[in-house]
Amino acid sequence: MKHGKKYLDSAKAYDRAKQYEVGEAVDVVLNNAKAKFDETIELHVRLGVDPKQADQQVRGVIVLPNGTGKNVRVLVLAKGDKADAATAAGADYVGAEELVTKIQKENWFDFDTVITTPDMMGVVGRIGKLLGPKGLMPNPKSGTVTMDVAKAIADVKAGKVEYRLDKQAIIHCAIGKKSFGKDKLVENYNALTDAIIKAKPAAAKGQYVKSVTLTSTMGPGVKVVPKGV
């Protein structure tokens with residue numbers, strides 16, 4: 001992958017082989033986030049588990065103390081009083097079969113999260129193959145299949161993030177924006193890494209946290225001293 005001059009200059013500004021304490025790492029990332037927009041700060045955690053094994057999955061949700069800085073567009077698929085509750089709670093889009101059809105026929109994806117009630121899962125299942133690959137399929141474990149749609153919407157808007165392993169046993173998650181500043185980013189970092197450590201599967205053997213890296217949208221990665229190794 002070819003990188004631009006700003007990226008290459010940033011990569012020379014610190015020791016890329018060194019593991020930094022989290023506060024130092026955030027400082028380095030912020031100093032090298034030189035894009036003209038408010039860059040997202042991302043956390044990448046490589047775990048010592050086998051993602052192919054069902055008993056070694058790592059997945060969960062957490063509401064970050066300072067949110068993510070992202071305006072999350074919420075689609076709620078519900079009917080009756082639950083649809084009314086979703087509208088009152090600030091959902092961006094509320095509907096039922098008509099919105100499922102819109103997704104099917106128009107390839108409409110102007111939303112970031114889908115929340116639904118259990119009784120609607122049969123309808124939602126029709127677009128599972130469309131939602132799944134985009135990470136949008138509602139799931140009870142992530143709190144997006146629920147009767148309490150108002151709370152689910154509030155959590156998502158407040159900065160709820162879902163963390164889960166990819167095929168390489170790495171968790172990728174945004175922890176905020178450059179504009180948050182060091183203290184808020186460190187607080188979000190600690191909340192998320194603590195949650196990942198608590199989610200350690202009983203079947204995991206050996207070193208659990210293999211490596212931790214912080215990056216900005218356009219900047220190079222900075223290694224962080226892992227917790228709970």
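**Stop 1: Thr40**

Select Thr40 in this predicted model and show everything around it. Which residues is Thr40 in contact with, leaving aside its neighbours within four places in sequence? You should find Ala174, Gly176, Lys177, Thr215, Ser216 and Thr217. Now turn on the cartoon view: Thr40 belongs to strand β1, which covers residues 40-47. Is Thr40 buried or exposed? Its relative accessible area is 17%, and because buried means under 20%, Thr40 counts as buried. Before you leave, add the side chain of Lys177: the side chain of Thr40 makes a polar contact with it, at 3.0 Å.

**Stop 2: helix α4**

Next, select residues 97-106, which make up α4. Colour Leu99, Val100 and Ile103, the buried residues of this helix. Look down the helix axis: these residues cover an arc of only 105°, so they sit on the same side of α4. There is a simple reason to expect patterns like this. An α-helix has 3.6 residues a turn, so residues three or four places apart point the same way.

What do the buried residues of α4 pack against? Show β3 (74-77), β4, α5 (121-124) and α6 (128-131), and you have their packing partners. Then rotate to the other side of α4, where Lys105 and Glu106 are exposed. Step just past the helix to Asn107, which takes a positive phi of about 55°.

**Stop 3: an aromatic cluster**

Keep going along the chain and select Trp108, adding Tyr93, Phe109 and Phe111. Together these four form one aromatic cluster. A pair of aromatic rings is described by the distance of the centres and the angle of the planes. The model has three aromatic pairs. Zoom in on the pair of Tyr93 and Trp108: the ring centres are 5.0 Å apart and the planes stand at 90°, so this is an edge-to-face pair. Where do the two residues come from? Tyr93 is in strand β4 (residues 93-95), whereas Trp108 is in the loop between α4 and β5 (113-116), so the pair ties together parts that are 15 residues apart in sequence.

Switch on the surface and compare the two. Tyr93 is partly exposed, with a relative accessible area of 28%, while Trp108 is buried, at 9%. Now add Lys134 to your selection: Lys134 lies over the face of Phe109, 4.6 Å from the ring centre.

**Stop 4: Asp112**

Select Asp112, which you will find in the loop between α4 and β5. Asp112 is partly exposed, with a relative accessible area of 23%. Which residues does Asp112 touch, not counting those up to four places away in sequence? The list is Lys70, Asn71, Val72, Arg73 and Leu136. Show the backbone of Arg73 as well: the side chain of Asp112 reaches the backbone nitrogen of Arg73 at 2.7 Å. For a sense of scale, mark the C-alpha atoms of Asp112 and Asp183, which are 27 Å from each other and 71 residues apart along the chain.

**Stop 5: salt bridges**

Side chains of opposite charge can pair when their charged atoms come close. How many salt bridges does the structure hold? There are nine, and a few are worth a visit.

Start with Arg59 and Glu162, whose side chains meet in a salt bridge at 2.6 Å, N to O. This pair links distant parts of the chain: Arg59 is in strand β2 (residues 59-63) and Glu162 in strand β6 (residues 160-164), 103 residues apart. Arg59 is partly exposed, at 33% relative accessibility, and Glu162 is partly exposed too, at 30%.

Move to Asp92 and Lys157, another salt bridge, at 2.8 Å from N to O. Here the pair connects the loop between α3 (80-88) and β4, home of Asp92, with helix α7 (residues 149-158), home of Lys157, across 65 residues.

Stay on α7 and select Lys151 and Asp155. Their salt bridge has its closest N and O atoms 2.8 Å apart. The two residues are four residues apart in the helix, so about one helical turn separates them. Lys151 is partly exposed, with a relative accessible area of 48%.

Finally, select Lys70, Arg73 and Asp112, which salt bridges with shared partners join into one network.

Terms used: Residues are numbered from 1 along each chain as its sequence is written. This is a predicted model: local features need pLDDT of at least 70, side-chain atom pairs count only at pLDDT 80 or more; totals for chains, interfaces and linings use all residues. Side-chain values use heavy atoms; hydrogens and water are left out. Rings of Phe, Tyr and Trp (its six-membered ring) pair if their centres lie within 6.5 Å; planes under 30 degrees apart count as stacked, over 60 as edge-to-face and the rest as tilted. Buried means under 20% relative accessible area, exposed over 50%, partly exposed in between (1.4 Å probe, protein chains only). A charge sits over a ring if NZ of Lys or CZ of Arg is within 6 Å of the ring centre and within 35 degrees of the ring normal. Contact means heavy atoms within 4.5 Å. A polar contact is a pair of N or O atoms within 3.5 Å; within protein, one must be able to donate a hydrogen and the other to accept it, and residues adjacent in sequence count only if both atoms are side-chain atoms. A salt bridge is a side-chain nitrogen of Lys or Arg within 4 Å of a carboxyl oxygen of Asp or Glu. The arc is that of the directions from the helix axis to the C-beta atoms.
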